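Trainee: I should like to work through this model with you, element by element. May we begin once the structure is displayed?

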Amino acid sequence: MVSKNPRVAYFCMEYGLDNRFKAYAGGLGILAGDYMKGAKDYGYPIVGIGIKWKQGYTDQLIDADGQPYDTYHNYQYEFLEDTGVTVSVEIRKREIKCKVWKLDCFGNAPLYLLDTDVPGNEDAWITGQLYGWFGEERIAQELVLGVGGVRALRALGIEVDTYHFNEGHALFAGFELLREKMEAGQSFEEAWAASREEIVFTTHTPVVQGNESHPISRLLYMGANMGLTKAQLVKLGGDPFNMTVGALRLSRKSNAVAQLHGETANKMWAHVKNRSEIVAITNAIHLPTWVDSHMIQTAEKGGDLWAAHLKNKRALVQFVKDRTGVELLVDNLIIGFSRRAVPYKRSDLIFSKPEIIDPLLRDRKVQLVFSGRAHPLDDRGKEIAANLVAMGKKYPGAVVFLENYDMAIGAALTRGADVWLNNPRRPMEASGTSGMKAAMNGVLNLSILDGWWPEACRHGINGWQIGDGFEHDDVEILDAHDRDALYRVLLEEVLPTYYDTPAKWVDMMRASILDTKEYFGVKRMLEEYYSLLYK
Ligand SMILES: *Cc1c(COP(=O)(O)O)cnc(C)c1O
């Protein structure tokens, strides 16, 4: 019975619920948005806690020289409901007022959003830009999310059995739970043991540097210790203080976001003593948001899948034309690739042997549509994006870069492309949900065996694997291996299937849809959260 399920408060810095609501940067937010919609669809007692970002994440556009630049706007939303509740949090010894908004109009379970942009607040900027600025600002934002979030739940009278921290950003909510108990007379050790019982944690990035850490002095200076001593902080998160380590030690159970990521995360955090067990719960997507239901019905009924796909492909061709003026050829292969612009995702791998790819692009047998934003402070990521823009100039009509990757671009590409290309350095991709969107839309995955793909891939039947799960510490060796594997599959399997055996292509589309539509749907993920994490 759903009503007996534990009541969960889910904390996340970002939520990708709808393109009109600028409260997400990437995959973490998309997962949180899909989770909240699944919670609503299947009637789970879940509420979300987040932040109302005044300026959202960057709108990253491309200038006339082909360089990315960041722009920000102040957003106003008519769909937020004023709860009338305001809580306060002390940050850097100043009282910060946080107004609490409610959002539940995107088919999602109730989401409560904290907002410091209220009259009289000296520090109204805190909820300005998602992932904006530097360490101190990040801590201030996380204090609003975590401490403000728990206080909002109390003020709203919402009872909670389990606090779920999606990523270490929410860890200060755990500090607030400790503070409440210690104020009621418990010792640190007692409060720690009791709070752990209430907290579960989802870890994401398998890249060590991607796990946020802070000098202990910075936590003390910001007032983020919430009354904990330096020694107590070190016991939780080490020195420097690692937010992921802290969350692993302040939770009763943790999860990684794919089966392979479960292995990676357990190795990565093996040295952390007294941490919670990390189980694997593979991410999933909210089908009504991302998948053309007509594709699924057609696959199930054995109808004309190619005709159904062509409609989506034409819509993508039009979308690209409207945005860039480039007219892709509907009859030729379109490969989609959109992800955050960071080196390990290797968006330029396919260009690495010009003698192979150049002729294919010149006669437009291969057409590539890219998108992706870099973090505003990541110059290397912006170079990657600029390089893709330059490829678009070199191969007009065959390579396109869509600026300002967002949910609209994500949806158009994962419906309308023929192939979804994913070639990260294994095992650095934790899960990757865009490939699931593609798979269920009959867009065939061509992917390294990383993230979720090893769980779904049947090579040559429902998509293709690039390589064989090869890993190497020397990135030059790894990149050369994967590049050769990519070209081999592209030349020997993908292109011949597309151009010479279209009936086989359609069989693969059908297998792709039927193999993924249940397991990688958010229903299964929520069931596993309840059976493996929340119970
Ligand atoms: C689906 C989606 C993501 C997540 O994609 P990955 O597979 O993790 O790269 C990120 N951003 C947007 C806009 C999306 O639609």
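Trainee: Which residue in S15 does Phe337 stand opposite?

Mentor: Please note that this is a predicted model, in which local features need pLDDT of at least 70, side-chain atom pairs count only at pLDDT 80 or more, and totals for chains, interfaces and linings use all residues. Residues are numbered from 1 along each chain as its sequence is written, and side-chain values use heavy atoms, with hydrogens and water left out. S14 and S15 pair in the parallel sense over 6 bridges; two strands pair if DSSP finds at least two bridges between them, and strands are DSSP runs of E with at least two residues, helices runs of H or I with at least four, numbered from the N terminus. In S15, the residue opposite Phe337 is Phe370.

Trainee: Is strand S14 enclosed or open to its surroundings, and how many of its residues are buried?

Mentor: In a regular strand, side chains alternate between the two faces of the sheet. On one side of S14, Leu333, Ile335 and Phe337 are buried, and on the other Ile334, Gly336 and Ser338 are buried too. Buried means under 20% relative accessible area, exposed over 50%, and partly exposed in between, with a 1.4 Å probe and protein chains only. Strand S14 (residues 333-338) is therefore largely enclosed by the rest of the structure, the buried count being 6 of the 6.

Trainee: Which strands are the edges of the open sheet?

Mentor: The sheet has 6 strands in the order S16-S15-S14-S17-S18-S19, with parallel pairing. Each edge strand pairs on one side only; they are strand S16 (399-402) and strand S19 (463-466).

Trainee: What is the bridge partner of Leu368 in S16?

Mentor: Strand S15 (residues 366-371) pairs with S16 in the parallel sense over 4 bridges. Within S16, the partner of Leu368 is Val399.

Trainee: Why is Cys98 in no bond with Cys12?

Mentor: The structure holds 0 disulfides, a disulfide being a pair of cysteine sulfur atoms within 2.5 Å. Cys12 is buried, with a relative accessible area of 0%, and Cys98 is likewise buried at 0%. The sulfur of Cys98 is too far for a bond because the closest cysteine sulfur, in Cys12, lies at a distance of 17 Å.

Trainee: Does Phe134 count as buried or exposed?

Mentor: Phe134 is found in the loop between strand S7 (111-115) and helix H2 (135-156). Because its relative accessibility is 55%, Phe134 counts as exposed.
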